[in-house]
Amino acid sequence: MRARADVPDARVQFLEGTAECLTQLVPRADAVLFLNALHLVSDKPAVLAEIRRILPAGGRFAFNSTFFTGAYEGNTGGFYRRWVVRTMQSLKDRGIPVPKAHRADAMEWLTPEDYAALCAAAGLRVTTLELLRIELPLQCLTDICRFSLFIEGALPGVPLEEGSQALEVGLGRALDEMQYTTLPRNWLEVIAEAV
Ligand SMILES: C[S@@+](CC[C@H](N)C(=O)[O-])C[C@H]1O[C@@H](n2cnc3c(N)ncnc32)[C@H](O)[C@@H]1O
């Protein structure tokens with residue numbers, strides 16, 4: 001297992017499963033970290049309720065995300081729109097249809113305030129909510145073109161391999177046109193306490 005090879009320490013245990021069935025995997029925990037994944041969860045209230053169930057009062061839940069309303073720093077939204085347009089053009093050039101009816105619920109972006117309200121409703125009192133500005137290396141964007149959940153979210157209904165190639169072509173064109181060498185972007189970082 002790759003994770004075990006990276007972290008051979010016997011005190012660390014790896015369990016496989018989804019956040020939706022957390023209580024079946026881990027009945028009790030002092031703290032839960034859920035990193036850059038909550039935005040992918042369709043039923044966020046259900047998952048937050050699972051997290052709350054395994055925490056004692058005073059236990060901590062921390063998560064981050066860079067897929068939320070407010071992630072795009074300054075006027076960089078134009079770059080992402082151009083990336084989408086160039087990707088669509090690439091699909092069109094190759095005669096690959098993009099289904100219109102699909103909607104990727106799991107990639108619906110929330111605001112920081114939405115997340116805080118969802119935490120509060122689940123019995124998780126937000127103690128820290130911060131935006132952390134980073135310079136995103138362009139390699140991250142190339143890498144994400146090969147991440148299945150990103151492709152499905154960006155191009156619902158398009159076959160993964162074709163979607164991946166089109167996203168990479170679109171990215172190259174958008175970057176050439178806009179001349180970015182790094183891209184400022186915000187991380188949302190939240191810590192909450194079980195009440
Ligand atoms: C962008 S990656 C982040 C990976 C890693 N946590 C990190 O911060 O580098 C998102 C991860 O969320 C996982 N994921 C998606 N839906 C999930 C769910 N319902 N429960 C648990 N993990 C989920 C995906 O399998 C993927 O590994």
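A residue counts as exposed if 12 or fewer other C-beta atoms lie within 10 Å of its own, and as buried if 20 or more do. The structure described here is a predicted model.

By that measure, the exposed residues Pro45 and Ala46 sit on the face of helix α3 turned away from its buried side. The buried residues of α3, which spans residues 44-54, are Lys44, Val47, Leu48, Glu50 and Ile51. They lie on the same side of α3 because they cover an arc of only 155° around the axis. Their packing partners are α2 (22-25), β1, β2, α5 and β3.

Three of these partners are strands of an open sheet of 4 strands, ordered β1-β2-β4-β3 with mixed pairing. The edges are formed by β1 and β3, each of which pairs on one side only. On average, neighbouring strands of this sheet are turned by 15° against each other, direction ignored. Strands β2 and β4 pair in the antiparallel sense over 6 bridges. Within that part of the sheet, serine 65 has leucine 188 of β4 as its bridge partner. Helix α5 lies across β3 and β4 and runs at about 150° to β3.

The strands have these residue ranges.

| Strand | Residues |
|---|---|
| β1 | residues 31-35 |
| β2 | residues 60-65 |
| β3 | residues 124-137 |
| β4 | residues 182-194 |

The ligand is surrounded by Thr18, Ala19, Glu20, Leu35, Asn36, Ala37, Leu40, Val41 and Leu149. By class, this shell has 6 nonpolar, 2 polar and 1 charged residues.

How values were computed. Residues numbered from 1 in each chain as written. Predicted model: local features only at pLDDT ≥ 70, side-chain atom pairs only at ≥ 80, totals over all residues. Near = placed C-beta within 6 Å. Nonpolar A, V, L, I, M, F, W, Y, C, P; charged D, E, K, R; others polar. Pairing = 2+ DSSP bridges. Helix = DSSP H or I, 4+ residues; strand = E, 2+ residues; numbered from the N terminus. Axes fitted to C-alpha atoms, helices over the stretch in contact; angles between N-to-C directions. Contact = placed C-beta atoms within 7 Å. Arc of directions from axis to C-beta.
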